[in-house]
Amino acid sequence: MKYETIIGLEVHVELKTDSKLCCGCSTKFPAEPNTLTCPVCLGLPGALPVLNKKAIDLGITAGLALNCKISRECKFDRKQYFYPDLPKGYQITQFYAPICRTGWLKKEFPTGRRRIRITRIHLEEEAGRSYHSGAGIIDSDYSLLDYNRSSIPLIEIVTAPDLRSPREAKEFMEELKIILEYTGVSDCKMEEGSLRCDANISVRRQGDRELGKRAEVKNMNSFRAVEAALEYEAKRQIELLEQNTPLESEETRAWDEGNRETVFMRFKEKAYEYRYFPDPDLLPVIINDDWIKGIRNKLPELPNSKRERYIQEFRLPKDDAALISSSKPMAEFFEAVLKDYSGEPKNVSNWIIGDLVRLINQEKIEFHQIKLKPEALGQMLKILDQGVISSKIAKTVFEEMFYTGNKPEIIIKEQGLEQISDVQLIQEIVVKVMADHPQSIQDYLSGKKKAKSFLVGQVMKETKGKANPGIVNVLLEKELEKIKE
Amino acid sequence: MSLTKEQVKELSSMARLALTEEEINCFTVQINEILGYLKKLNELSIEGEEPAPYGVPLNNIMREDKVQSSFNRDSVLVNAPQQESFCFKVLKVLEED
């Protein structure tokens with residue numbers, strides 16, 4: 001029996017604003033507990049919230065990047081419940097008139113290209129952060145509350161149940177992250193919690209039209225956790241189906257990273273009564289064409305389109321194009337190098353994907369922190385193409401540029417790294433090396449071809465890698481022929 | 001429309017108010033009196049009128065994304081019944097069923 005897995009996601013994204021949704025407190029992280037709060041975000045009586053325009057801008061930006069319809073009238077509601085991380089006793093959110101509706105994200109999956117529909121995007125505020133005294137919330141005698149995060153603006157992106165495997169869910173999240181980073185909507189740091197997701201998952205027999213009862217899985221704190229948790233949950237639900245005991249009511253489960261399983265939290269049968277009603281403190285926001293147009297004009301080229309362009313225009317292999325376009329700073333760097341360098345674009349992507357990424361990982365820094373300038377890499381590639389330095393020396397020059405930010409010409413000059421193409425000079429070294437290694441010549445003459453490579457290596461060593469290897473080869477060949485005769 | 005005792009009990013639990021049986025009885029009568037008074041509004045004809053949840057006919061009241069100074073932490077924590085490590089300390093949040 002074949003089964004189909006149906007997944008929809010609810011993604012929470014902290015917006016990249018300097019101040020909170022309804023007050024001027026800073027959103028910076030990390031910070032000393034309870035130092036970034038005021039009467040508004042603490043829910044003290046009499047405080048008056050005022051909307052942060054940037055949060056609305058970023059909501060519109062996310063909607064446009066995800067092909068959504070932007071609401072002309074955007075309103076805020078109160079969602080009422082009691083929880084210690086919610087000081088007002090209600091959360092400011094959008095229930096009746098979310099900022100965006102009906103969009104989509106096109107994604108290339110291993111099974112083909114598909115559109116994943118976005119049902120809605122709404123703006124809301126963050127809750128405070130709880131630190132539990134015990135290992136988990138259940139076995140804690142008490143909890144500590146830090147309200148610095150309280151009222152930081154969020155968007156919640158809700159997808160239709162269009163994802164068909166845990167892997168697709170993970171890949172969708174990765175793509176979404178790239179888009180939100182590109183457009184400056186969020187810094188999307190899953191480890192700091194600025195990007196989180198819950199998943200609704202159900203299974204059905206292939207060919208069935210009706211959806212099975214679903215479980216909502218929470219607490220997945222990395223892309224890998226999304227895939228692992230959903231794989232576990234799909235397997236669990238399929239086993240239940242096979243035992244003829246499918247889920248009977250919807251339930252909420254939490255991913256337990258340590259034990260690698262989803263754990264039952266509660267049934268959803270009793271719908272919570274949140275008593276939503278319009279927040280009378282927050283007046284409607286009317287979004288007109290000019291506002292939307294202004295934001296649309298400032299949208300950067302999105303990763304999907306860059307990827308296609310790199311393949312078409314720069315003839316990059318698919319994988320290179322995907323990797324370079326997956327990071328905005330990397331893509332910008334790549335394009336900037338090509339402004340100065342008219343050689344093969346693949347040369348540029350090779351250096352970025354190879355040595356540059358390796359050094360960045362080794363130094364544990366972010367791409368935007370590198371000292372290397374794109375013009376410097378372009379210049380180095382020109383020098384390399386002209387044969388002034390060998391590709392081996394280029395690696396040394398590249399590392400030096402990476403660590404110092406210096407220009408390649410200066411590094412080459414100061415360290416005397418120009419390639420030696422002077423035939424006379426190389427000839428002298430070849431002769432010297434041959435005189436120093438009579439055994440290798442004997443070996444060569446007796447048919448050991450490897451001996452020649454050894455001699456080439458010795459010449460390169462003598463010249464500290466600077467000899468033009470082509471010339472070395474030709475000259476050595478000639479000398480060896482002479483001896484043969 | 002009038003509320004039953006059970007509905008008033010549910011209401012009090014949603015509002016996290018611990019009421020005695022006597023108080024429930026008393027409030028059921030009082031709440032129904034208030035509801036009766038509000039019923040008068042039903043006499044109004046509101047056909048063709050839009051809901052008006054806002055007190056003032058304004059929109060797009062927003063501020064720029066500028067950081068302002070926050071409250072001093074000591075004054076933030078002064079109302080905390082209990083505190084620890086500069087955080088508000090609260091009792092057990094969830095109990096096992």
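This is a short dialogue on reading a predicted model with chains A and B.

User: Start with chain A. How many helices and strands does chain A have?

Analyst: A count of elements comes before any talk of their arrangement. Chain A has 15 helices and 17 strands. The domain assignment splits chain A into domain 1 (3-291), domain 2 (301-414) and domain 3 (423-484). Taken over C-alpha atoms, the centres of domain 2 of chain A and domain 3 of chain A are 34 Å apart.

User: What does the radius of gyration say about chain A?

Analyst: Set the value against the globule rule. For 485 residues the rule gives 23 Å, and chain A comes out at 30 Å, well over that, so chain A is more spread out than a compact globule. The box along the principal axes adds detail. The C-alpha trace of chain A spans about 100 × 55 × 45 Å.

User: Which share of chain A counts as buried?

Analyst: Burial is read from relative accessible area. In chain A, 50% of the 485 residues count as buried. The exposed area of chain A is about 23,500 Å², with 50% of it supplied by carbon and sulfur atoms.

User: And the contacts? What share of them in chain A join residues at least 24 apart?

Analyst: Sort contacts by separation in sequence. Among those in chain A between residues at least 6 apart, 69% join residues at least 24 apart.

User: Give me one residue to read contacts on. Where does S440(A) lie?

Analyst: S440(A) is in helix 13 (residues 438-445) of chain A. Its relative accessible area is 10%; buried means under 20%, so S440(A) counts as buried. Set aside the neighbours within four places in sequence. The contacts of S440(A) are then A451(A), F454(A) and L455(A).

User: Now salt bridges. How many are there over all chains?

Analyst: A search of the whole structure finds 47 salt bridges. For any one of them, read three things: distance, place in sequence and burial. Take E308(A) and R113(A). Their side chains meet in a salt bridge at 3.5 Å, N to O. E308(A) is in helix 5 (residues 303-314) of chain A and R113(A) in strand 8 (residues 112-125) of chain A. The two are 195 residues apart, and the pair links distant parts of the chain.

User: Are E308(A) and R113(A) buried, or what class do they fall in instead?

Analyst: E308(A) counts as partly exposed, at 35% relative accessibility. R113(A) is partly exposed too, with a relative accessible area of 47%.

User: What about the pair E126(A) and R149(A)?

Analyst: Those side chains also form a salt bridge, 3.5 Å from N to O. E126(A) lies in the loop between strand 8 and strand 9 (129-132) of chain A, and R149(A) in the loop between strand 10 (142-146) and strand 11 (153-159) of chain A, so the pair ties together parts 23 residues apart in sequence. Here burial reads another way. E126(A) counts as buried at 4% relative accessibility. R149(A) counts as buried at 16%.

User: Which residues are linked in a network of salt bridges?

Analyst: A network is a chain of linked pairs, so look past the single bridge. E301(A), K306(A), R309(A), E313(A) and E335(A) are linked in this way. One of the pairs is K306(A) with E301(A), whose closest N and O atoms are 3.1 Å apart. K306(A) is buried, with a relative accessible area of 7%. E301(A) is partly exposed, at 27%.

User: Move to chain B. What pattern does chain B follow along the sequence?

Analyst: Count, then read the order. Chain B has 3 helices and 3 strands. Along the sequence the pattern is α-α-β-α-β-β.

User: What is the radius of gyration of chain B?

Analyst: Use the globule comparison again. Chain B has 22 Å, whereas a compact globule of 97 residues would have a radius of gyration near 13 Å. The C-alpha atoms of chain B fill a box of roughly 55 × 45 × 25 Å along the principal axes.

User: What share of chain B is buried, and what share of its contacts is long in sequence?

Analyst: Of the 97 residues of chain B, 15% count as buried. Take the contacts in chain B with a separation of 6 or more. Residues 24 or more positions apart account for 24% of them. Chain B exposes about 8,100 Å², and carbon and sulfur atoms supply 56% of it.

User: Which residues of chain B form a nonpolar patch on the surface?

Analyst: The patch is made of I34(B), Y37(B), L38(B), L41(B), L44(B) and I46(B). Together they have about 690 Å² of accessible area. Take Y37(B) as the example. Y37(B) lies in helix 2 (residues 21-38) of chain B. Its relative accessible area is 65%; exposed means over 50%, so Y37(B) counts as exposed.

Definitions and conventions. Residues numbered from 1 in each chain as written. Chains lettered and ligands numbered in written order. Predicted model: local features only at pLDDT ≥ 70, side-chain atom pairs only at ≥ 80, totals over all residues. Heavy atoms only, no water. Patch = residues over 30% accessible without salt bridge, like charges linked within 9 Å, V, L, I, M, F, W, Y side chains within 5 Å. Areas by Shrake-Rupley, 256 points an atom, 1.4 Å probe, with all protein chains shown as cover. Salt bridge = Lys/Arg side-chain N within 4 Å of Asp/Glu carboxyl O. Helix = DSSP H or I, 4+ residues; strand = E, 2+ residues; numbered from the N terminus. Buried < 20%, exposed > 50% of the residue type's maximum accessible area, 1.4 Å probe, protein only. Domains from an automatic or database assignment. Rg over C-alpha atoms; globule rule 2.2 N^0.38 Å. Contact = heavy atoms within 4.5 Å.
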